[in-house]
Every structure is written in structure tokens, then in C-alpha cells.
Amino acid sequence: MKVVDIYKLAIKMGIESDFRGKDGVQKLLNDKKKKFESLSEKDKEEFDKDALENPYLDSGIYNISEDKEIKKVLVGIDISPAEILMAKELGGIDLVIAHHPVGKGLAQLADVMELQADVCNYYGVPINVAEGLMRERISEVARGVNASNHQRTVDAAKLMGINLMNSHTPCDNLAAKFLKNFVDERKLERVGELINALKEIPEYKEAMKIGVGPKIFVGSPENHCGKIALSEITGGTEGSAKLYEKMAQAGVGTVVGMHISEEHKKEAESAHVNIVIAGHISSDSLGVNLFVDELEKQGIEIIPCSGFTRFSRI
Ligand SMILES: [Fe+2]
Ligand SMILES: [Fe+2]
């Protein structure tokens, strides 16, 4: 496999596990195409053509120094110039794969957040309400990432001649789908049972060793779970705090997430929604593992770094 094949596989797997379904994602791409075609020549030049093929603009290829067959990959959650130097020092690394966005992917993180409105709609929140609440939050995130030094890691990869790509939302989609199936298969009645079930997953078991295993942030082990929503695993970053009330009205009793801010925690508390935090880097590792399993099947060696805990399911 070449870098482009690995990247295309990530996008394909992301689409296949997307809450919106394959058709839903295709419709989104078709709408973007229609929008592009209606633009003036000048606006067409400024339009990001990647958006016509890739529904996850927080993921991409940032540097191809050598277009060779990939045999060994350094995979991490956060890739900074330090990891790029490590790749060079370790030797024999054909490609570095990051989970969290870098470069243009980081600049366009907010673009994938529309997915969250669809996920909330999937769990019963009217789409107009979810969209209205998310719109505000999406523009807030877009402004927030605008100030970053986006190209720092990309520049390092170019200087050191290291191939670099990232897969963010595709991997988070894989984690969300895995966890959704995992939870749906079990008849979990109480929040404590949900926590115990999550602790069976190797990535969370490993995280427990350093004190960051699954935890209840809102609610208690005796609380009934009610309907469990996997609404905070994928979709860029934290959504709108005002959505908890709408989720509760839609019949959701418990939300499983990767991480939660204090503002969101307070809103969840007043909406009486239980919040189970599975863990951030552990949940990211789960999604990345499901992706790199497919690379390992192709004979590619995976070297984990930067918080990524490797567990193979093949
Ligand atoms: Fe993630
Ligand atoms: Fe993350």
C-alpha cells in the first residue's frame, strides 16, 4: 500500500461506520458538488477541491517525500515535531499517522461538526433544533482553531523528509460504531453496569492502570441508564452544552463521551442526563486500533507512540 491507498482506506472505513449511513454521506458530497458548480470561476479557485471527495476535512495527507510501498508506520494520537524527529531517529519508518488533526486538517476541524447534529437527530432530537444549536458552536470552534500554528508539524515532516497523514473523524466514527454495537448487545440497566462493561475493553483496561479508566461524571452507579447515546464520540470536538436538555426530552438517559468540559457537565446535571466518560486517549486509541488492524492485515508493521495504546483485534 502507498500513502494514498492508506488515506483512501481511512476515508472509506469512516464512511462505512458513519451514523449518517453511506447514502447520507454521499448526499452530503453531492450537495457540495452542486454548490461548487454554482460558484463563479473566482470562487471555484478558492474552493477546497478535497471537499468534493472527502467528507472528513479534518483528515488528510500533508507530506509525501517518497512515494514508496509502506511497510512500517509510526502511529500516534498527537503528532508534533518531536514525533517526526523520533521517526527519523528510529529509522525505517515509511509513514507517520496522527489521529488528532494537524495542518489544514486542524484548520478545518469545525467542518466535520455538522455530523453531530445528525447524530443527535438519530437519537431523537429534531434536526432543526440540533442544527440550530450546533451552528453557534461550530462557528465558535472555527474561530478557536483559527489562531493555531497549524503547519508546525507539517513543516517538520517536510524538512525531515517524512511522509505524514492523519485520520481523525474516520477513526472516531469507528470507535463510535464499535461502542454503539458493544452497548446495544448488552442489556445494561444501571450506570454501574455500563462502567463495568466498558472496563472489559482492552484500551479502557489499560487506561485504568494510569487512573484514566471509564468514570461517571454525572449520575451514580445506581442510576438507571435509560436510553444510552453514543453522541459524543465522533464529530470533531465537544458540541453544544444546550443539547443535553434536548437529548433528555428526546428520551436519552445516558451519554457516553470521550471527555467533557465543566460547562457541559453542569448542563447535563440540570437535564438529569447521566454522563459516562469512557476516556479521551483510550477512546481515540480504540478507533485508531480498528483502522490500523486493516493495515496490519496488509503486512504493515505498526509502531505505537504518543499515547496510542495498540491492541490488535485480528
Ligand atoms: Fe478522536
Ligand atoms: Fe481526541
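Colleague: Let's start with a pair of charged side chains: which residue forms a salt bridge with K265?
Modeller: This is a predicted model, and here K265 has a partner in helix α13 (residues 262-270), 4 residues apart from it. That spacing separates the two by about one helical turn. With the closest N and O atoms 3.0 Å apart, the residue that pairs with K265 is E269.

Colleague: Does K265 count as buried or exposed?
Modeller: The cut-off for buried is under 20% relative accessible area. E269, with 37% relative accessibility, is above it and counts as partly exposed. K265 has 19%, so K265 counts as buried.

Colleague: How far apart are the closest N and O atoms of K12 and E16?
Modeller: K12 and E16 are 4 residues apart in helix α1 (residues 3-16), which means about one helical turn separates them. Both ends are partly exposed, K12 at 47% relative accessibility and E16 at 38%. Side chains of opposite charge can pair when their charged atoms come close. In the salt bridge of K12 with E16, the closest N and O atoms are apart by 3.5 Å.

Colleague: And what about E66, with which residue does that one form a salt bridge?
Modeller: E66 counts as partly exposed at 46% relative accessibility. The partner is partly exposed too, with a value of 31%. The closest N and O atoms are 3.9 Å apart, and the partner of E66 is K68.

Colleague: How many salt bridges does the structure hold?
Modeller: The pairs above, including K265 with E269, are part of this count. So is the pair K12 and E16. The total for the structure is 21.

Colleague: Now to the overall layout: what is the separation of the centres of domain 1 and domain 2?
Modeller: The chain is divided into domain 1, which covers 3-168 + 283-305, and domain 2, which covers 175-280. Where they meet, 30 residues of domain 1 are in contact with 31 residues of domain 2. Taken over C-alpha atoms, the centres are separated by 24 Å.

Colleague: About what area do domain 1 and domain 2 bury between them?
Modeller: Of the area buried here, 67% is on carbon and sulfur atoms. On the side of domain 1, Y123, S283 and L286 supply 30% of what that domain buries against domain 2, more than any other three residues. Between the two domains, the buried area is about 2500 Å².

Colleague: How many residue pairs are in polar contact between domain 1 and domain 2?
Modeller: Charged pairing across the domains comes to 1 salt bridge. K242 and E136 meet in a salt bridge at 3.7 Å, N to O. For polar contacts, with both residues at pLDDT 80 or more, the count is 14 residue pairs.

Colleague: On the side of domain 1 that touches domain 2, how many residues are nonpolar?
Modeller: The elements giving two or more residues to this side are α6 (114-122), α7 (127-146) and α14 (280-297). Among the residues of this side, 9 are polar and 4 are charged. The number of nonpolar residues is 17.

Colleague: Where is S167 found?
Modeller: S167 is buried, at a relative accessible area of 1%. Beyond its neighbours within four places in sequence, S167 is in contact with A10, S59, A98, H99 and F291. As for its place in the chain, S167 is in the loop between β4 (164-166) and α9 (169-185).

Colleague: What separates the C-alpha atoms of G251 and V273?
Modeller: G251 sits in the loop between α12 (243-249) and β7 (252-257). At 40% relative accessibility, G251 counts as partly exposed. Although G251 and V273 are 22 residues apart along the chain, their C-alpha atoms are separated by 9.8 Å.

Colleague: What is the phi of H272, about how many degrees?
Modeller: Most residues other than glycine have a negative phi. H272, which is in the loop between α13 and β8 (274-277), is exposed with a relative accessible area of 69%. H272 is not a glycine, yet its phi is positive, at about 60°.

Colleague: One more backbone point: about what is the phi of S306?
Modeller: S306 lies in the segment after β9 (301-305). S306 is partly exposed, with a relative accessible area of 24%. Although S306 is not a glycine, its phi is positive, at about 50°.

Methods:
Residues are numbered from 1 along each chain as its sequence is written. Chains are lettered from A and ligands numbered from 1 in the order in which they are written. This is a predicted model: local features need pLDDT of at least 70, side-chain atom pairs count only at pLDDT 80 or more; totals for chains, interfaces and linings use all residues. Side-chain values use heavy atoms; hydrogens and water are left out. Domain bounds come from an automatic or database domain assignment. Contact means heavy atoms within 4.5 Å. Buried area is the accessible area (1.4 Å probe) that two parts lose on being put together, summed over both. A salt bridge is a side-chain nitrogen of Lys or Arg within 4 Å of a carboxyl oxygen of Asp or Glu. A polar contact is a pair of N or O atoms within 3.5 Å; within protein, one must be able to donate a hydrogen and the other to accept it, and residues adjacent in sequence count only if both atoms are side-chain atoms. Ala, Val, Leu, Ile, Met, Phe, Trp, Tyr, Cys and Pro count as nonpolar, Asp, Glu, Lys and Arg as charged, and the others, Gly among them, as polar. Buried means under 20% relative accessible area, exposed over 50%, partly exposed in between (1.4 Å probe, protein chains only).
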